[in-house]
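Me: Could you take a close look at one part of this model for me, the sheet and whatever packs against it? Please walk me through it in one go.

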Amino acid sequence: MANNEGDRVSPRMSAGEVLDFLRHTPGVFLTNNERDVSQSDFKCRIMPQTTLRVAPYRDATGYFGFEILGGATVHMDLMKKQINPFEKLQLVRRAMPNTLIQGLCRGRNLFGYRPYPDNVIEMTVRLFSKYVDIWRMYDFLNHIPNLIVAARAAKEAGKVLMPSLCYSTGAGHTDDFYVEKAEEVLSVLGENIILCIKNHSALGSPARIAQLVSAIRKRFPDLLISYHGHNTDGNDLARLMAVAQEGVKIVEVSDHGYGGVYSQPPALTVIQNLHDYGFKTPGLKIAPLLDASDVLRRERRLYERFTSPFHGFDPTVKRHKLPGGALSLVLEQAEKAGLIERSDELFRELIEVRKELGNIWVVTPGSQILWATALSNVVNGRYQRASDDLKRLLLGRYGPFPFYDPPQWIFQKVLEAGRTDGKMWDEILADEGGLKQPANEDLDARRLELQSHLKRPPTDEELCIYVQFPRDALDFFKFEERFGKTWLLPPDVWHHEGGFPDGARITFSDETGKTHNIDLISTRRTADSVQTSFLVDHQFQTHTTQLPKKTVNREP
Amino acid sequence: MRAPLDYTTAIEEAVPIREAIRVISKASSEMFKKLLVANRGEIAIRIMRSAQELGIKTVAVYEETDKTAMHIMRADEAVCIGSGPRRDYLNIERMIRAAQSSHAEAIHPGYGFLAENPSFSRRCAEAGLVFIGPPPQVISDMGSKVIARRIMAEAGIPVIPGTQVLPPGEEGKEIAASFAQTHRFPIMVKAVAGGGGRGIRVAQNIDELVKFIELGRSEAKMAFGNDEVYLEKGLASPRHIEVQILADGYGNVIHLGTRNCSIQRRHQKMIEMAPAFLPESLADKICDAALRAARVCNYLSAGTVEFLLDTNDNCYFLEVNTRIQVEHTVTEMISGIDIVREQLLIAAGQPLSVSQENLVFRGCAVELRITAEDAKSNFMPDPGLIDIYQSPGGYGVRIDGAVYQGYEIPRYYDSMLCKLTVYGHTWREAVDRLRRSLGNFLIAGVKTTIPYYKQIVNDPDFINQNFDTSYIEKHPQLLNYQEEVPPVGKLAILVAEINAHRHNPYTA
């Protein structure tokens, strides 16, 4: 279909038309990455209602894309937001009909932490493609064959393909290495792509990143390049301007109303800079962008307690290289493990572990493996209690180490531990090492299994979530059956702290736009139960909650 | 129209005995001032409405176990007749005493309980109370299925081949065996004192027949205090057709058209409609038979003559119900006649307010019995607290209910929540209105048969009027529905959980 919207791309264009539009339109395009803002700055807790509230403004802004799916969202939608990720996308699609929706997948690891079989990857990409226009995908070892199945499925669905190269620094991370990787991407996935530079750990100076882009562009002058960075060190604005000057076509931003700390820098600042530097920003409108942030500024207060305990930027990311929100999550874990006092030791161990384990990219699932290993090393002794994931990494299940192998003693310690057959590490590696194609799921059997849990035939989308996260998906389906579509509740109710005062009124609209009221009348607390009385759409109703013993005196 | 009877002569000659009229004649056809409704639930309220429209004060009765019932609220006064449950509603003397203490002049029995107990009608007359219904002899004749069959057969109304009351022991078995030889299976074993679908078993072979006669006897003894049973030839997939009749004390007998009550579950009606959509000549034939039946049994007040229609449109007399029936509403909708009002006027000695020639039937009406039952658990009653109750309204929708929000349905009585009756100019319009009305109900707290009815109104066989008495049995797939809880109610429960835990336990 021809482009009727003039100076902006549209979901009604084919993937080829989108790429042509980018090639032939001078200027720099912006992609709003709410997915990453939520994940990096608010522990994934931004609720769909907030997204939907600002959707009309963002849709009118004229972003190239809007990333709302990927990384941890699918799992977190099920666990902490209790919304079906497909339903969320459907709502966003409806609310933002003029903006390309972008999804991020971890290649063969999809939205999870381990390799999935081909038929699960194909089904997932196919089903999500109903709502996703741009597939951004990466492999945490930059092992390009790990992208093939997902990329093929995205192409078959007619979607814009955006393979990413994870970027890091230190031994092995040279321009030549990345140019070679770009060449491999092009030869394996074809020329009709946008290559994304994924600077998840906010590494490299503006000059270093500019040099990298320049090297790639020199080798592939017509290649469309996008830049995904993080502002963890407070320097991504400068990097972003530097790559724009080197010909990057798309850069990722946030709303200034929230985000911009461990996530992407604010769109408005980027636009002002670009204009001053003489770049056009085709299709972008400032007024709706301001409106969006006006709303978000007020909404972000609801999410304050999910922000990092350390406010401000973290230039030490250059050493520990933890991406975006991983930092606040690992600190939380350290605190739970009672190791917050030893966080400096933990971080030093993390750096050491990364170097020992091939100086790979600290991004999911690698970041989790490296951090868990560092934590275990500090608690249990170095490589004393290796996780199964670490064993898998050493066995090459995720792909080969790109620069150098870890030292033999680590292989020996990790692989030989707990073996009863007396096999030596090199034998184990020779016999069992390497990428192993996971066997295809018997989807019919899994469907029947899910049907027996649900007591009704599941939808394809439900099956898709279930095969990826069986336990959490089941918990979610049960939750949904009991409570319904709780994303309809205002986020301040969902994240409410404390009891509700008598007389409190909760007003919200349902999916059809009709208004509903829940008026709290009274709360009667006894030793082991709480009876709440309320008017539900002016109809009296009560509900009694049995309290578990330990939480009875949780608060005065 | 026949000339008014001479009551004095009638009484002296004792043919026919009409105690009710005798009382009225004393009151010189004046409308009574106060009516006691010897019933509960929706029918009690239904009766009170018509009475109140006539300027009659109403007295409700209730058992202690039923003291929150809605019919008490709708009455002008109420009398507690005992601690219950059920036995006081069945206690004639307590009813009479309640009427006397509240100075009621008349008693309407509704349906069920004492409605078809001839002793009640007789005791009312003895106590000088007007019984709204036919005289005791009619009730007792029609109450005996065997006598009723004989009277009808004598009047030339076709009856299903059947036996007399089976003698006990071997003799009965021999009669049964020879009946089976002649008429073949299936054969119905029926309690003489049964009715309203109760006390019926269907035998498919001789072993079942022998077994069911024994079972039927002991069950009938328990349920009706009379262990007599008889046999009837069973028809394959018959339709249940009935005719509403009205008879006054002046010899006027009219019919208000046909009803089809074929959609039944275990002989209990679930959906009824008027008219029965029969070919005109057949409908006329059946209505004529009903009028004849009413006349031969000296009928008075409102009643129903029931027939079975086999697949070849042969009709057979089934029984006469000597009471107001649950499904009378559909007839009211298409005839415009308030049947309870007519009952009250007849009882007060007035003639029918309409003649057969002046009656006009328009459109069609369908009634559903909405009960607090779990269709998926074999229609097990689901008593409990009604958290939310909102009923539909609008054009062509009639609700006869007896529940309210906050009402706790007692487990001792029937589980009827309300009757939904809709009117439509055409069958299709009525079905569309049913579907809309079912969707407009909002009931929370108890399981109801609404989702099951929603399945039915979307079923092609129902929509195409392709049903007989085997419909429910032959459409088990209708039970495959999803329970619907109002979405906002579910969300409110989460709000209550957050309130109770003082944080959202699902996002911790």
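**The sheet in chain A and its surroundings**

Reply: Let's start in the middle of the sheet, keeping in mind that this is a predicted model. Strand 10 (residues 515–525) and strand 11 (residues 529–536) of chain A run antiparallel and are joined by 7 bridges. If you want a spot to click on, try L520(A), whose bridge partner in strand 11 of chain A is F534(A).

Zooming out a little, these two strands belong to an open sheet of 4 strands in chain A, in the order 9-10-11-12, with antiparallel pairing. At the edges you'll find strand 9 (505–509) and strand 12 (539–546) of chain A; each has a single partner strand, so one side of each is left without a neighbour in the sheet. Neighbouring strands are turned by 25° against each other on average, if you ignore direction.

Now, what packs on this sheet? That's helix 18 of chain B, which touches strand 9, strand 10, strand 11 and strand 12 of chain A. The direction of this helix makes about 140° with that of strand 11 of chain A.

That brings us to the contact between the chains, which takes 37 residues from chain A and 24 residues from chain B. Helix 18 (residues 487–501) of chain B gives the largest share of chain B's side, with 15 residues. Sorted by class, that side of chain B has 12 nonpolar, 8 polar and 4 charged residues.

Watch the numbering here, as chain A has a helix 18 of its own (residues 408–416). The axis of that helix comes within 8 Å of the axis of helix 19 (residues 425–432) of chain A, and the two cross at roughly 75°. Angles from 65 to 115 degrees count as roughly perpendicular, and helix 18 and helix 19 of chain A are therefore roughly perpendicular to each other. Where they meet, F411(A), Q412(A), L415(A) and E416(A) come from helix 18 of chain A, while W425(A), I428(A) and L429(A) come from helix 19 of chain A. That contact has 5 nonpolar, 1 polar and 1 charged residues.

For a last bit of context, look at the cores. The largest nonpolar core has 133 residues, and those with the most contacts inside it include L30(A), W135(A) and A150(A). Helix 10 (residues 236–245) of chain A supplies the largest share of this core, 6 residues. A second, separate core has 126 residues, among them I160(B), I263(B), V422(B) and F467(B).

Key: Residues numbered from 1 in each chain as written. Chains lettered and ligands numbered in written order. Predicted model: local features only at pLDDT ≥ 70, side-chain atom pairs only at ≥ 80, totals over all residues. Contact = placed C-beta atoms within 7 Å. Nonpolar A, V, L, I, M, F, W, Y, C, P; charged D, E, K, R; others polar. Axes fitted to C-alpha atoms, helices over the stretch in contact; angles between N-to-C directions. Parallel < 35°, antiparallel > 145°, perpendicular 65-115°, else oblique. Pairing = 2+ DSSP bridges. Core = buried A, V, L, I, M, F, W, Y, C linked by C-beta atoms within 7 Å. Buried ≥ 20, exposed ≤ 12 C-beta atoms within 10 Å, placed from the backbone.
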